[in-house]
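Thanks, everyone, for making the time. I would like to walk you through one structure this morning, starting from the sheet and ending at a single side chain.

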Amino acid sequence: MSVHVDVDIRHPLPSGVDEPLVRQVLEAAARQEGVRGEVSVSFVSDEEIHELNRQYRGVDRPTDVLSFALQEGEPMPGGDDDLPLLGDVVVSVPTAVRQAEAYGHSVRREVAFLLVHGFLHLLGYDHPDEASEQDMMQRQERVLTGLGLTREAE
């Protein structure tokens, strides 16, 4: 499987978080889920994600990650050079930093977690109930564990 990742850094990234990490995490998630496609990732401030959250979800507060899927259901297959557009993942860097501190793990792990979470939303996964939330958590943890980004290792 293959995923092409465009990275837009609109807020400075913390130490240990860089474009190669973003690509590594999303490639691992795509392999696990058996999909290929193109994903845009933006790293933004709390103010910017707050505005996006208000504008697109009607929620007047910042959040950690937003996903904007470009496909309904399964992504359309593409040719060798024609990867389907899966969508956009937007991560708030300041929120990721705060959450990493609150959860007692590295910012690197927190950003990776948010990337996988956002990517799974692009693929149609959601967590409206406990069973679907557990499914998403297990999928996320498999990717992170496979990359050595466990809470214990960090």
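What follows is a short tour of the sheet, the helices on it and the core.

Please keep in mind throughout that this is a predicted model.

Let me begin with the sheet, which is open and consists of 4 strands in the order β1-β2-β4-β3, with mixed pairing. The edge positions are taken by β1 and by β3, residues 65–69, and because each of these has a single partner strand, one side of each is left without a neighbour in the sheet. If we ignore direction, neighbouring strands are turned against each other by 15° on average. Looking at one pair in detail, β1 and β2 run parallel and are joined by 7 bridges, and within this part of the sheet isoleucine 9 stands opposite phenylalanine 43 of β2.

Turning to the helices, α2, which covers residues 46–57, lies across β2, β3 and β4 and runs at about 45° to β3. Helix α4 also packs on the sheet, where it touches β1, β2, β3 and β4, and its direction makes about 145° with that of β4.

Now to the interior. As a general remark, nonpolar side chains in soluble globular proteins tend to be buried together. In this model the largest nonpolar core has 37 residues, and those with the most contacts inside it are Val22, Leu26, Val39, Val41, Phe43, Leu115 and Phe119. At least two residues of this core come from each of β1, α1, β2, β4, α3, α4 and α5, and α4 gives the most, with 10 residues. Apart from this core lies another one, of 5 residues, including Val44, Ile49, Leu52 and Val90.

Two of the phenylalanines deserve a closer look. Leaving aside neighbours within four places in sequence, phenylalanine 43 is in contact with a long list of residues, among them Val7, Ile9, Val22, Val91, Val111 and Leu115, but also Asp8, Arg10 and His11.

Is phenylalanine 119, which sits in helix α4, buried or exposed? Phenylalanine 119 is buried, because its relative accessible area is 0%, and the cut-off for that word is under 20%. With the same sequence neighbours set aside, phenylalanine 119 is in contact with Val3, Leu26, Ala29, Ala30, Val35, Val39, Leu86 and Val89. Finally, its C-alpha atom is separated by 8.5 Å from that of glycine 87, although the two residues are 32 residues apart along the chain.

How values were computed: Residues are numbered from 1 along each chain as its sequence is written. This is a predicted model: local features need pLDDT of at least 70, side-chain atom pairs count only at pLDDT 80 or more; totals for chains, interfaces and linings use all residues. Side-chain values use heavy atoms; hydrogens and water are left out. Buried means under 20% relative accessible area, exposed over 50%, partly exposed in between (1.4 Å probe, protein chains only). Contact means heavy atoms within 4.5 Å. A nonpolar core is a set of buried Ala, Val, Leu, Ile, Met, Phe, Trp, Tyr and Cys residues joined through side-chain atoms within 4.5 Å. Two strands pair if DSSP finds at least two bridges between them. Axes are lines fitted to C-alpha atoms, for helices over the stretch in contact, and angles run from 0 to 180 degrees between N-to-C directions.
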